[in-house]
Amino acid sequence: MPEPTKKEENEVLAPAPAPAPEEPNKEKEAGTAPAKEPNKEKEAGTAPAKEPNKEKEAGTSPGKEWSIGESPAGEEQDKQNANSQLSTLFVEKPQGGSVKVGENITFIAKVKAEDLLRKPTIKWFKGKWMDLASKAGKHLQLKETFERHSRVYTFEMQIIKAKENYAGNYRCEVTYKDKFDSCSFDLEVHESTGTTPNIDIRSAFKRSGEGQEDAGELDFSGLLKRREVKQQEEQPEVDVWELLKNAKPSEYEKIAFQYGITDLRGMLKRLKRMRRVEKKSAAFARILDPAYQVDKGGRVRFVVELADPKLEVKWYKNGQEIRPSTKYIFEHKGCERIMFINNCVLTDDSEYYVTAGDEKCSTELFVREPPVMVTKQLEDTKAYCGERVELECEVSEDDANVKWFKNGEEIIPGPKSRYHIRVEGKKHILVIEGATKADTAEYSVMTTGGQSSAKLSVDLKPLKILTPLTDQTVNLGKEICLKCEVSENITGKWTKNGLPVQESDRLKIVHKGRIHKLVIANALVEDEGDYVFTPDAYSVTLPAKVHVIDPPKINLDGLGDDNTVTVIAGNKLRLEIPISGEPPPKAIWSRADKAIMEGSGRIRAENYPDSTTLVIDIAEKDDSGVYHINLKNEAGEAHASIKIKVVDIPDPPVAPNVTDVGDDWCVVTWEPPVYDGGSPILGYFIERKKKQSSRWMRLNFDLCKETIFEPKKMIEGVAYEVRIFAVNAVGISKPSMPSKPFVPLAVTSPPTLLTVDSVTDTTVTMKWRPPDQIGAAGLDGYVLEYCFEGSTSAKQSDENGEAAYDLPADDWIVANTELIEKTKFTITGLPTDSRIFVRVKAVNAAGASEPKYYSQPILVKEIIEPPKIRIPRHLKQTYIRRVGEAINLVIPFQGKPRPELIWTKDGAPIDKNQINIRNSETDTIVFIRKAERSHSGKYDLQVKVEKFVETASIDIRVIDRPGPPQLVKIEDVWGENVALSWTPPRDDGNTAITGYTIQKADKKSMEWFTVIEHYHRTSATITELVIGNEYYFRVFAENMCGLSEDATMTKESAVIAKDGKIYKNPVYEDFDFTEAPMFTQPLVNTYAVAGYNATLNCSVRGNPKPKITWMKNKVAIKDDPRYRMFSNQGVCTLEIRKPSPYDGGTYCCQAVNDLGTVEIECKLEVKVVAQ
């Protein structure tokens, strides 16, 4: 039963009247700070050592000290600590309510989550200590939701089909990190209309199991402990308070169970407050008693007497003012003020106090339910082993808490226990599954108002043998199954020859109901014996005998498929054959219908229980043949045949023949030996030796399976001999006679890379390379042969890029009458427009090699090849050299017949006295020993083959150091500064001026010092000059060859004025730096090779910085991945990735700014290189 809510406002000894509206806050404080509850519970079990002194100070005598708990000061401190932890988390608190029995009610709490990083923790309690999270189930459900928009957590507790014992005080606690909030509320459960209340206060002790019908009930089973049942006597009406005052702490739980107290800890705390003596009051002549006790449904009367009848009196319950009603009736009799509470229910169990003026007095009301009585006693029962036993009793209340005991020990059912308790309304049944003799005992049942006991006797049933065991005779390897059936489902034991039978992978014991089996798979000889089955707890035995027999068997697995045994001649044969059978069989050996006897002869038999043996001493060739074995015993017969083969080494082969000879190899063949020794020839070993030597060397370590072999790694010109050994399973034969002596000598390999060098109308020039392998015989020369296409029997196949011919030797014409040593030869006297095949052979002392053929017929006619000029990449742009350097240009070309070459410079023939021109069949060379500036210009090459003409151009620029600037002037002198200006030199050295170098000299010493180097402009300001000195200045011009040889010096000197002179600052006009775009380096016509990246370069200047646009054939190039454009420091670059002939054309670079537009063009030609 849920405990009534206890309030702790009265724990402060000094009474302080408080207005009614503040009571809920106190009530809230009393229901918070769960962290303090464990200390209070702990203190409720042991009395502190300083408690007597505190009681004495409070005005009570030590002899009446019966309460155990903490001092009032300690409780007040706990309340203060709890208040210090409060923080507002609830935005909506659960409100108390009422519900009828069997109906549903829901309590809602809401928490704001704006300042919370995670979900808060919420707990629901019944009273002060029961956590309802573990009770969720059929009658209690806890839910939680979260609204994202409003960021509010909603927590719900729903009570389903409420019962009257669910009434009481509840508490909701919410925590988040160090924040805490709590709220208490009451639940009243009213009786349904037309029903009679039948509530048992001790039903709250009922155990609640997961998944059962009563799962989720609000029970107090944790308060119970195992104890023996003690005889209880009927007692008159007892005041529980007086019992607790006089009882020992160890007896509190016993009293709580006996008198239906559910909230033991709360009751002890309330008793502790009752024991305090109130101070004398000026308002009350007589105060309330410390506590009142009433039965459920009864009436209680509270009486106080006032010192002044004019004082106003107010009554409170749990801090809430009580208003007159049919339940609460107030009476005034003189100075007495009386309150009646009619029809008391469980929710009336609480704290009450009355106020008069500024003073108040309080009391406790405890509502007690009547005890549960046993209305139907247990009955003595008899049962047999294995049966289901049910012990039944009835009590006075539905779903009452009942405890069962066996021989005084409490029975606690569990998932694995044979004891189960079933409750059907007022009926309580103890169920025992599969009763055994150990269940014989005295069983008792105990309630809060009585008990009952009965005896249970469990005996064995009479046993009948329905199917006895039978004797069995089985063959070896078969299954043995001993089966019997008895009238009862009981266990038993199996024995063999008086020893217990142990289960294994082969032996299984089966018990299924009343049937018992012993199953032995693959029966063995050792399984034979006397077997007995003995039922447990009975003196009956069931015997059976097992006899194992086995027909004779001959095991020839080790002899192979054809049962053949091979023995080498002269060796001893001992052939042991495994046999089996039960009983052991008798073995007889025979050959050709003649029995082989046991004895001491050369051929004899030996017999053993598990084997029989044939022995042949010194085997001979005639011992080969078929031998028979016969086995016989009472179970049957067996027969087998074995073939014995006597083998020997083979005869030697005949002398081998050498059929072919190479440079370091030969081919040897031979015939197999006439007699193979009775065993197949496995292979041959080959040996060789030099003719003049006696040392033979084996050529193969692995057997040669064929009758042909190719010895290698011999020395050319040395005579060798070869012999053969035959090998079978027995061994190696004697060697054969040696072969005839032979000398290795071989021709060379064919010549390689036969190609056509040139063709005219009457000649064909062929060239080739020497053979890859020449050999010891060397190379004497070559023979070149040809034949005309259309010759008889000529055919060609070109699978590997080579030609093969099948022509009679007469069709091939030898081109050279004598051997030639060179690898090039011209065949002359050929008719024009004819087609010929050509081959070449290498010749040495061993003869001519295999011919090397040209892959296709050759047309005898001069071929015209159009000319092509291969301009090197570095010559496609301007070729720059300094004066005095050598110029050596090699330009390859193609064309047949030999082309005609013409060189011109700037459109005029080249002066061969100054420039050397050397031509060959494949290239032309331009050579100038010492270049001069006059050699600069455009050189054109024309290559002509008949009507075909190819031209190319090369730009050569010979550069030198520039001349000095034309004029250097001192524009102005001020302070320590001098402004200089000059004009560019007339001679720039045939290349652009890259900068200027300025030097100064003091007039006194005339030593020159460099002031500025690599200066690009034609005016400069020289600073940090020494005041009082007079300076001269000179300027050098600079290009890529270096500084000019001479410098131009100022005509006047610059005097740096001394101190005291007044310097007038010159007035300068702002310089206009704007400039229209201008190309300082033009685009040049370029040749590119297809597949290789090409670049076009130019340089431009202008202010503001001009915008650069590239165009091809007057069309702007935009977003084309084949082009990349760069611009760095005025240098513009267009990169064409892997151009093709399609990319050739006119390219234009356009520069545009606010002052104008300028364009420059060049031509790009893309040539494809012939493969």
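What follows is a short exchange about a predicted model.

Biologist: Which residues form a negative surface patch?
Modeller: Asp and Glu count as negative here. Patch members have over 30% relative accessible area and no salt bridge. The residues that form this negative surface patch are Asp761, Asp833, Glu862 and Glu946.

Biologist: Where is Glu946 found?
Modeller: Glu946 belongs to the negative surface patch. Two strands flank its position, E67 (937-945) and E68 (948-959). Glu946 is found in the loop between E67 and E68.

Biologist: Which element gives the largest share of the lining of the second largest pocket?
Modeller: The second largest pocket has a volume of about 850 Å³. Of the 25 residues that line this pocket, those closest to its centre include Val1100, Arg1101 and Gly1102. The elements that give two or more residues to the lining are strands E71 (995-1002), E78 (1075-1081) and E80 (1094-1103). The largest share is five residues, and it comes from E80.

Biologist: Which peptide bond is cis, with omega near 5°?
Modeller: Look at the loop between E80 and strand E81 (1107-1112), where Pro1104 has its place. The cis bond leads into this proline, from Asn1103 to Pro1104.

Biologist: What is phi of His1014 near?
Modeller: His1014 sits in strand E72, residues 1008-1015. Its phi is positive, in a residue other than glycine. The value is near 50°.

Biologist: How many residues apart in sequence are the parts that Lys119 and Glu144 tie together?
Modeller: The whole structure holds 46 salt bridges. In one of them, the side chains of Lys119 and Glu144 meet at 2.6 Å, N to O. Lys119 lies in the loop between strands E3 (105-112) and E4 (121-126), and Glu144 in strand E6 (residues 140-147), so the pair ties together parts that are apart in sequence by 25 residues.

Methods:
Residues are numbered from 1 along each chain as its sequence is written. This is a predicted model: local features need pLDDT of at least 70, side-chain atom pairs count only at pLDDT 80 or more; totals for chains, interfaces and linings use all residues. Side-chain values use heavy atoms; hydrogens and water are left out. Patches are made of residues with over 30% relative accessible area and no salt bridge: like charges are joined within 9 Å, nonpolar side chains (Val, Leu, Ile, Met, Phe, Trp, Tyr) within 5 Å. Accessible areas come from the Shrake-Rupley method with a 1.4 Å probe; for residues, only the protein chains shown count as cover. A salt bridge is a side-chain nitrogen of Lys or Arg within 4 Å of a carboxyl oxygen of Asp or Glu. The place of a charge is taken as NZ of Lys, CZ of Arg, CG of Asp or CD of Glu. Helices (H or I, at least four residues) and strands (E, at least two) are DSSP runs, numbered from the N terminus. On a 1 Å grid over the protein atoms alone, a cavity is a set of points where a 1.4 Å probe fits but cannot get out, and a pocket is an open set with protein on both sides within 12 Å along at least five of seven lines; lining residues have an atom within 4 Å of a point. Grid points are joined across faces, edges and corners, and a volume is the space filled by probe spheres set on the points.
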